[in-house]
Each structure stands twice: as structure tokens, then as C-alpha cells.
Amino acid sequence: MTHGKLYHIGFGKDDLGERSPTIALLSGDPERARLIAQSYLHSVRLLSENRGLNSYLGILPNGKALLSATSGMGAPSTTIVVNELIQLGIKLIIRVGTCGSIQEHVPVGSIVITSAALCRQGAANDIAPVEYPAAADPFVTVALVKAAQELKVKHYMGVTASVDTFYEGQERTQFMNRQLLRSLRGITEEYRSLNVLNYEMECGTLLKMAGVYGFRAGCVCGVVAQRTVGEEVILEQKDVAIDNAIKVAVQAAEQWEFEK
């Protein structure tokens, strides 16, 4: 275990106290990490705001310690944060993110629980070969589905396309990117025909790391865009989608009992 402050996340084992958490909820947005801590935990303590990677330690209603941390946007930043969290004894990481649906039946405001990821991310290739599966832990996936059912949150489980870029890699052409690489033209329709549910930018690499490094991981994302009708994030329903994803992740973490 590392007792000194780790370089990127800005805290170490000694900062976690006697009730050291083994579960982390990981958000790309530091504001979401703060929201989770302040809205769902008590006895909350800010651990660090180093590099904008805000991290909070708090207690769930059942008395279990929980870490709410920020990964930053994209896979490279995620690999750094995950490496350092694992050094501090975290055994389960649930990504709590946002995504764009590419299927008509998956509406904005609902959530997608990732069973596995189509991983098109350069950072992941430093973790394992391209062919290495980016699979969510099945027990974590079941825990997230169970929480969604209990909370009556509209949810969908399936394969996520995890890519490196928000614009080019997700075939957004409305703004600057009208001359996409030929390999990306029509990629969304191709993924749709493969029954991929959504686009996001971190979970594929996280899931590969979990397989290689031996921790558990899952992913739940609020749907904030419907790519079958447009490219824009639907701001009017963004808060509902994020709140649904957070509630499901928190309940799954609180009910988690399986330790490796």
C-alpha cells in the first residue's frame, strides 16, 4: 500500500483513515464526483482537488466507506487514476458516466449498464492486446441491474462502444468534422447493426484494466443524447439521466457483499 500522497490523485493511504474504502465510484466530471458525495454520503471529506481530479471520502447509509473520485475525460486520464486507486486498496470500481444512445429503443433519460465494451481506445492497447475482452464483472453487472429494478429506473444492458473522441470517433459531423476519415464514415450505423447500445469514452479501457490487474469493474451511464435523431446532448433531460445513473451505482455499491 502507498502511504504517501500519490502524484496525480493527490492523496494516499494515510488520508483514508481506519475505515479505508474498497469501492470507488468513478466519474469523468469532477462536479459529478462532488454531487455523489454531497447528495448520497455522510461524513464527507474532500481528499484532493489535485489537477481537477476531485476525490471525496464518505459513508453510505449502511455504514460502508465509499470513495467518489474523478477520472477526467477519456481513457488516458482514466488509466492514471485507476492505477493509483488500485494501489490504495480499491477492489471495485463502478464508472458513473454519460453516453449517447445509438438505438431507437434506448431513450434519453434512461441508463445503459455495460455488459461488455467494443473497445476502440489507444490507451487500452497499452494494457492488453486489441483482442483482449473488455468485459464487465458479471456480479457487478447483476448488482447494477438489480439496483435499477428496485429503483424502477428504465435501464438497458448490453454492449457499449468505448471510443477515444467525442466528435470524430462518434461520427459527429455537424460542426468541424465534415471530412471524417473513411474508416469512421458510417461507423455508427455499423455499430447499430451489431446491437451496440451506446457511445462513451472510458469504460472499455477500465474493463480491460480490471481483467488484467485483478479488480472488479462495471459501468452505468445516463443517456444524454439520442444519436438516431441528432448529435446534440439533450440538456433538458441531462440531469435526470445523470441522477438515475448515480442512484443505481450508489445502491449497487451499498448492497455489494462479494469480496475477492
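What follows is a conversation between a trainee and a mentor about the strands, helices and single residues of one predicted model.

Trainee: What should I know before I start reading residue numbers?

Mentor: Residues are numbered from 1 along each chain as its sequence is written, and side-chain values use heavy atoms, with hydrogens and water left out. This is a predicted model, in which local features need pLDDT of at least 70 and side-chain atom pairs count only at pLDDT 80 or more, while totals for chains, interfaces and linings use all residues.

Trainee: And what do labels like S1 or H6 stand for?

Mentor: They are DSSP runs numbered from the N terminus, where helices (H or I) have at least four residues and strands (E) have at least two.

Trainee: OK, strand S1 then. How many of its residues are buried?

Mentor: Five of the five residues of S1 (residues 23-27) are buried, so the strand is largely enclosed by the rest of the structure. Buried means under 20% relative accessible area, exposed means over 50%, and partly exposed is in between, using a 1.4 Å probe and protein chains only. Ile23, Leu25 and Ser27 point one way from S1, whereas Ala24 and Leu26 point the other way, and all are buried.

Trainee: Which strands does S1 pair with?

Mentor: Two strands pair if DSSP finds at least two bridges between them. S1 is joined by four bridges to strand S5 (residues 92-101), and the two run parallel; there, leucine 26 stands opposite arginine 95. S1 also pairs with strand S4 (residues 65-70) in the parallel sense over four bridges, with serine 27 opposite threonine 70.

Trainee: What about S6, which strands does that one pair with?

Mentor: S6 (residues 111-120) pairs in the parallel sense with strand S8 (residues 155-163) over nine bridges, and threonine 114 stands opposite glycine 158 of S8. With strand S10 (residues 216-226), S6 pairs in the antiparallel sense over three bridges, and isoleucine 111 has glycine 222 as its bridge partner there. Two bridges join S6 to strand S7 (residues 134-135), which run antiparallel, and in S7 the bridge partner of alanine 116 is alanine 135.

Trainee: Switching to helices. How do H1 and H6 cross?

Mentor: The axes of H1 (residues 30-40) and H6 (residues 235-255) come within 11 Å and cross at roughly 60°. That makes H1 oblique to H6, since angles under 35 degrees count as roughly parallel, over 145 as roughly antiparallel, 65 to 115 as roughly perpendicular and the rest as oblique. The axes are lines fitted to C-alpha atoms, for helices over the stretch in contact, and the angles run from 0 to 180 degrees between N-to-C directions.

Trainee: Which residues meet there?

Mentor: Arg32, Leu35, Ile36 and Tyr40 in H1 meet Ile242, Asp243, Ile246, Lys247 and Val250 in H6, where contact means heavy atoms within 4.5 Å. By class, this contact of H1 with H6 has six nonpolar, no polar and three charged residues. Ala, Val, Leu, Ile, Met, Phe, Trp, Tyr, Cys and Pro count as nonpolar, Asp, Glu, Lys and Arg as charged, and the others, Gly among them, as polar.

Trainee: And how do H3 and H6 cross?

Mentor: The axes of H3 (residues 138-151) and H6 come within 8 Å and cross at roughly 115°. The contact of H3 with H6 divides into eight nonpolar, two polar and three charged residues.

Trainee: Staying on H6, what does glutamate 254 touch?

Mentor: Glutamate 254, which lies in H6, touches Leu60, Pro61, Asn62 and Lys64, leaving aside residues up to four places away in sequence. Its C-alpha atom and that of glycine 63 are separated by 8.8 Å, although the two residues are 191 residues apart along the chain. Glutamate 254 is partly exposed, with a relative accessible area of 23%.

Trainee: New topic: which residue between S2 and S3 should I look at?

Mentor: Look at arginine 51, which lies in the loop between strand S2 (42-48) and strand S3 (55-59) and has a positive phi of about 60° although it is not a glycine. Most residues other than glycine have a negative phi. Arginine 51 counts as exposed at 54% relative accessibility.

Trainee: Then glutamate 171, is that buried or exposed?

Mentor: Glutamate 171 counts as buried, at 18% relative accessibility. It lies in the loop between S8 and helix H4 (187-193), and glutamate 171 has a positive phi of about 55° although it is not a glycine.
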